[in-house]
Amino acid sequence: MAPETPATRCRPGDLAIVVGTDGGSSSADLGKLLRVIGPGHDWAPFGDSRHHWRCDTLGQRVSVYVAGMATLSDGREPVDFPDVLLRPIRGDEQAEDVVDHRSAEHRAG
């Protein structure tokens, strides 16, 4: 029997935007784009049981806080990032547009 795959937002090959931070992480990373490479390390033995992805930082400096440890990527090496803090950017039906109806009414009126 194959091991159970956790339900995740992202999948390998996705571009993803950082939409959240953990305690100790820099809010300056919000909105940065990362490329999901594949599954990250299992941090459960260190107290972080979330699913992590190995991500290419696309040359950006990124502060990562995993399992109680803060690390800073200089943009040259991939980093592990929790799936829950990422939102994939896709051109398929899984990415939904958010419409602000008040703005549409304001433009029409």
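Q: Two strands count as paired if DSSP finds at least two bridges between them. In this predicted model, which residue takes a positive phi in the hairpin of strand 4 and strand 5?
A: Strand 4 and strand 5 (residues 69–73) are joined by five bridges and run in the antiparallel sense. One of these pairings sets Val66 opposite Met69 in strand 5. Two residues lie between the strands of this hairpin, and the one with a positive phi, near 55 degrees, is Ala67.

Q: Is strand 4 largely enclosed or exposed?
A: Strand 4 covers residues 62–66. A residue counts as buried under 20% relative accessible area. Four of the five residues of strand 4 are buried, so the rest of the structure leaves this strand largely enclosed.

Q: Which strands stand at the edges of the open sheet of five strands?
A: The sheet has the order 6-3-2-1-7 with antiparallel pairing. An edge strand has a single partner, so one of its sides is without a neighbour in the sheet. That applies to strand 6 (79–82) and strand 7 (86–89).

Q: Which residue in strand 2 stands opposite Ile17?
A: Strand 1 (residues 15–18) and strand 2 (residues 33–39) run antiparallel and are joined by three bridges. Opposite Ile17 in strand 2 stands Leu33.

Q: Which strand gives the most to the lining of the largest cavity?
A: The largest cavity holds about 60 Å³ of space, and its lining includes Ser63, Val64, Tyr65, Phe81 and Pro82. Strand 4 and strand 6 each supply at least two lining residues. With three residues, the largest contribution comes from strand 4.

Definitions and conventions:
Residues are numbered from 1 along each chain as its sequence is written. This is a predicted model: local features need pLDDT of at least 70, side-chain atom pairs count only at pLDDT 80 or more; totals for chains, interfaces and linings use all residues. Side-chain values use heavy atoms; hydrogens and water are left out. Buried means under 20% relative accessible area, exposed over 50%, partly exposed in between (1.4 Å probe, protein chains only). On a 1 Å grid over the protein atoms alone, a cavity is a set of points where a 1.4 Å probe fits but cannot get out, and a pocket is an open set with protein on both sides within 12 Å along at least five of seven lines; lining residues have an atom within 4 Å of a point. Grid points are joined across faces, edges and corners, and a volume is the space filled by probe spheres set on the points.
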